[in-house]
Amino acid sequence: MVENIYGAVLRKGAEEAGAVYVIVNHLDGTCHLFAPPPGASHDETGERIWEVEVAPPAGTPEAMAILERRLRSDPDIWIVEVEDRAGTAGLAAQR
């Protein structure tokens with residue numbers, strides 16, 4: 001737990017090349033799903049770039065359905081879930 005935000009790795013992917021997906025569970029039935037964007041994964045300052053694939057009012061079932069489809073084509077992905085009632089756990093879409 002960091003800054004009162006709980007997180008867990010739901011699925012380990014390839015350490016050397018697995019894309020990272022983050023579910024931010026708002027604990028009210030809604031969530032955000034952050035995904036790597038097409039192209040570069042980091043900006044010019046070295047910060048990771050995120051793309052929002054799911055946003056409230058969508059919930060975890062919608063996010064998991066997307067991730068299941070991703071897993072069929074890329075079994076190397078990582079899935080991380082964090083709980084943040086108030087926001088996006090410090091993640092922001094940059095594209």
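1. Strands, in the sense used here, are DSSP runs of at least two residues, numbered from the N terminus, and with that naming Leu27 can be placed in the loop between S2 and S3. The structure discussed in this note is a predicted model, and the values quoted below should be read with that in mind.

2. On the overall fold, the chain has one helix and five strands, and these elements follow one another from the N terminus in the order β-β-β-β-α-β. The chain is as compact as a globular protein of its length, because its radius of gyration of 13 Å is close to the 12 Å that the globule rule gives for 95 residues. The C-alpha trace spans about 35 × 35 × 25 Å along its principal axes.

3. On burial and contacts, 35% of the 95 residues in the chain are buried, and the accessible surface of about 5800 Å² belongs to carbon and sulfur atoms for 51% of its extent. If one takes the contacts in the chain with a separation of 6 or more, 65% of them are between residues 24 or more positions apart.

4. Which residues form the salt bridge that the search finds? A search of the whole structure finds one salt bridge, and it is Glu53 that forms a salt bridge with Arg70, with the closest N and O atoms 2.6 Å apart. Glu53 belongs to strand S4 (residues 51–54) and Arg70 to helix H1 (residues 60–73), so the pair ties together parts that are 17 residues apart in sequence. Glu53 is partly exposed, with a relative accessible area of 25%, and Arg70 is also partly exposed, with a relative accessibility of 27%.

5. The loop between strand S2 (20–25) and strand S3 (31–35) holds Thr30, which counts as buried because its relative accessibility is 15%, and buried means under 20%. The side chain of Thr30 makes a polar contact of 2.5 Å with the side chain of Asp28. Apart from neighbours within four places in sequence, Thr30 is in contact with Val24, Asn25, Pro56, Pro57, Ala58 and Gly59.

6. Two of those contact partners of Thr30, Pro56 and Pro57, deserve a second look, since the peptide bond from Pro56 to Pro57 is cis, with omega near 20°. Pro57 lies in the loop between S4 and H1. As background for a student, most peptide bonds are trans.

7. Asp84 sits in the segment after strand S5 (78–83). What is the nearest side chain of opposite charge to this buried residue, Asp84? It is that of Arg85, which is 8.0 Å away, and Asp84 has no salt bridge. The side chain of Asp84 does, however, reach the backbone nitrogen of Gly87 at 3.4 Å and the backbone nitrogen of Ala89 at 2.7 Å. Not counting residues up to four places away in sequence, Asp84 touches Ile5, Val24, Asn25, His26 and Ala89.

8. Finally, a remark on backbone angles, for which it helps to know that most residues other than glycine have a negative phi. Leu27 has a positive phi of about 60° although it is not a glycine, and Leu27 is partly exposed at 35% relative accessibility. Ala89, in the segment after S5, likewise is not a glycine and has a positive phi, of about 55°. Ala89 counts as partly exposed, with a relative accessibility of 21%, and its backbone nitrogen is reached by the side chain of Asp84.

Conventions: Residues numbered from 1 in each chain as written. Predicted model: local features only at pLDDT ≥ 70, side-chain atom pairs only at ≥ 80, totals over all residues. Heavy atoms only, no water. Salt bridge = Lys/Arg side-chain N within 4 Å of Asp/Glu carboxyl O. Helix = DSSP H or I, 4+ residues; strand = E, 2+ residues; numbered from the N terminus. Buried < 20%, exposed > 50% of the residue type's maximum accessible area, 1.4 Å probe, protein only. Polar contact = N/O pair within 3.5 Å; in protein donor to acceptor, adjacent residues only side chain to side chain. Contact = heavy atoms within 4.5 Å. Lys, Arg positive; Asp, Glu negative; His and termini not counted. Rg over C-alpha atoms; globule rule 2.2 N^0.38 Å. Areas by Shrake-Rupley, 256 points an atom, 1.4 Å probe, with all protein chains shown as cover.
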